Amino acid sequence: MPYSGAFWIAPKSVQGKLALVPVLAPVYKKAFAGSPWFEVSRCGCPHGFSAQTVGERCTGACGQMITQEAYPLPELISDLSGRLQSRRSFVYTEMDADGHPFMGVIAYRRHGIDIYREKYEGRENPLAETLFTRMPQEVAWLDEIFADLERRPNGNLRNFGRICTLMAEQLDCRVISFRTINERLIGKARSVFGDACTEYRIRDRGALSGVSSLLVIDLEPVTADLGREQTLAIR
Ligand SMILES: [Zn+2]
């Protein structure tokens, strides 16, 4: 899908952000059902999210029939809306002229220790705890970045540097951080931010490979190379 005709929005008002939630939720659900996450269903047992479909017998410890799809839309919309309302947040999307999104980003301004508690609740992970506790201040936590690869198979990370600087500005944080298993995202962050970007590998039960990366990008001094990024129209 070409970039021509695409535009971006990063609403500043809570209402503007909330209005995007029902638009972005189906893209989110579809994206995380695909590579490299394969979160198609969710079993209530520790097996959790998997590529299995609803109605199959769980290959985890419980062996029960899986009854719940991953991210049912009403629940997802309610979760995302609740978080957007209760936190200082950043929402970004690139859409076509008809308002159909290609991709979305959701980020929050948060303390490292709060992120740790949310992401690792009930799972003791000393390295993660140390890393998140050591974060010097509140960070711009890039919680979700997702794209509809059927609508636009390539180029969804094209403006990643610009998105990050906009996020840092709106959340008034010079340190950006995120956790991911997406190698393309890690590569893009490194190519844009170079030495400002530090990567830690964390053992992570939630990741298919058992390992995820924690990226910390310190934007001061700003070292982003945005030269190759294309400016889109703001709607
Ligand atoms: Zn199970």
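**Exercise 1.** Which residues have the most contacts inside the largest nonpolar core, and how many residues does this core have?

*Solution.* Keep in mind that this is a predicted model.
Step 1. Count the members: the largest nonpolar core has 45 residues.
Step 2. Pick out those with the most contacts inside the core: Val105, Ala107, Ala140, Trp141, Leu142, Met167 and Ile176.
Step 3. Ask which elements supply this core. H1, strand S5 (89–95), strand S6 (101–111), helix H4 (126–134), strand S7 (138–147), helix H5 (160–171), strand S8 (175–180) and helix H6 (183–193) each give at least two residues.
Step 4. Look closely at Ile176. Set aside its neighbours within four places in sequence; Ile176 then touches Val139, Ala140, Leu142, Cys164, Met167, Ala168, Ile217 and Leu219.

**Exercise 2.** Describe the surroundings of strand S5 and find its partners.

*Solution.*
Step 1. Check burial. Seven of the seven residues of S5 are buried, so the rest of the structure largely encloses this strand.
Step 2. Sort the side chains by direction. Ser89, Val91, Thr93 and Met95 point one way, while Phe90, Tyr92 and Glu94 point the other way. Residues on both faces are buried.
Step 3. Find one partner. Strand S1 (residues 7–9) pairs with S5 in the antiparallel sense, over three bridges. Here Ile9 stands opposite Thr93.
Step 4. Find another partner. S5 and S6 run antiparallel and are joined by seven bridges. Phe90 has Ala107 of S6 as its bridge partner, and Glu94 stands opposite Met103.
Step 5. Inspect the turn. S5 and S6 form a hairpin with five residues between them. Gly99 lies in the turn and has a positive phi of about 85°.

**Exercise 3.** Is strand S6 mostly covered or mostly uncovered, and how many bridges link it to S7?

*Solution.*
Step 1. Count buried residues. Nine of the eleven residues of S6 are buried, and the strand is mostly covered.
Step 2. Count bridges. S6 pairs with S7 over nine bridges, in the antiparallel sense.
Step 3. Locate one pair. Arg109 stands opposite Ala140 of S7. Ala140 also appears among the core residues with the most contacts.

**Exercise 4.** Work out how helices H3 and H4 are packed.

*Solution.*
Step 1. Take the axes. Those of helix H3 (residues 112–119) and H4 come within 7 Å and cross at roughly 150°.
Step 2. Classify the angle. Angles over 145 degrees count as roughly antiparallel, so H3 is roughly antiparallel to H4.
Step 3. Give the hand: the crossing is right-handed.
Step 4. Name the residues that meet. H3 brings Gly112, Ile113, Ile115 and Tyr116; H4 brings Ala128, Glu129, Phe132 and Thr133.

**Exercise 5.** Where does Lys30 sit, and is it buried, partly exposed or exposed?

*Solution.*
Step 1. Place Lys30 in helix H1 (residues 14–33).
Step 2. Count its neighbours. Lys30 has 16 C-beta neighbours inside 10 Å, so it counts as partly exposed.
Step 3. Look across the chain. Phe146 is 116 residues away from Lys30 in sequence, yet their C-alpha atoms are separated by 9.0 Å.

**Exercise 6.** Put the parts into the whole protein.

*Solution.*
Step 1. List the elements: six helices and eleven strands.
Step 2. Take burial. Of the 235 residues, 29% count as buried.
Step 3. Take contacts between residues at least 6 apart in sequence. Of these, 67% join residues at least 24 apart.

Conventions: Residues are numbered from 1 along each chain as its sequence is written. This is a predicted model: local features need pLDDT of at least 70, side-chain atom pairs count only at pLDDT 80 or more; totals for chains, interfaces and linings use all residues. Helices (H or I, at least four residues) and strands (E, at least two) are DSSP runs, numbered from the N terminus. A residue is buried if 20 or more other C-beta atoms lie within 10 Å of its own, exposed if 12 or fewer, and partly exposed in between; C-beta atoms are placed from the backbone. A nonpolar core is a set of buried Ala, Val, Leu, Ile, Met, Phe, Trp, Tyr and Cys residues joined through C-beta atoms within 7 Å. Two residues are in contact if their C-beta atoms, placed from the backbone, lie within 7 Å. Two strands pair if DSSP finds at least two bridges between them. Axes are lines fitted to C-alpha atoms, for helices over the stretch in contact, and angles run from 0 to 180 degrees between N-to-C directions. Angles under 35 degrees count as roughly parallel, over 145 as roughly antiparallel, 65 to 115 as roughly perpendicular and the rest as oblique. A crossing is left-handed if the near helix is turned anticlockwise from the far one by less than a right angle, and right-handed if clockwise.
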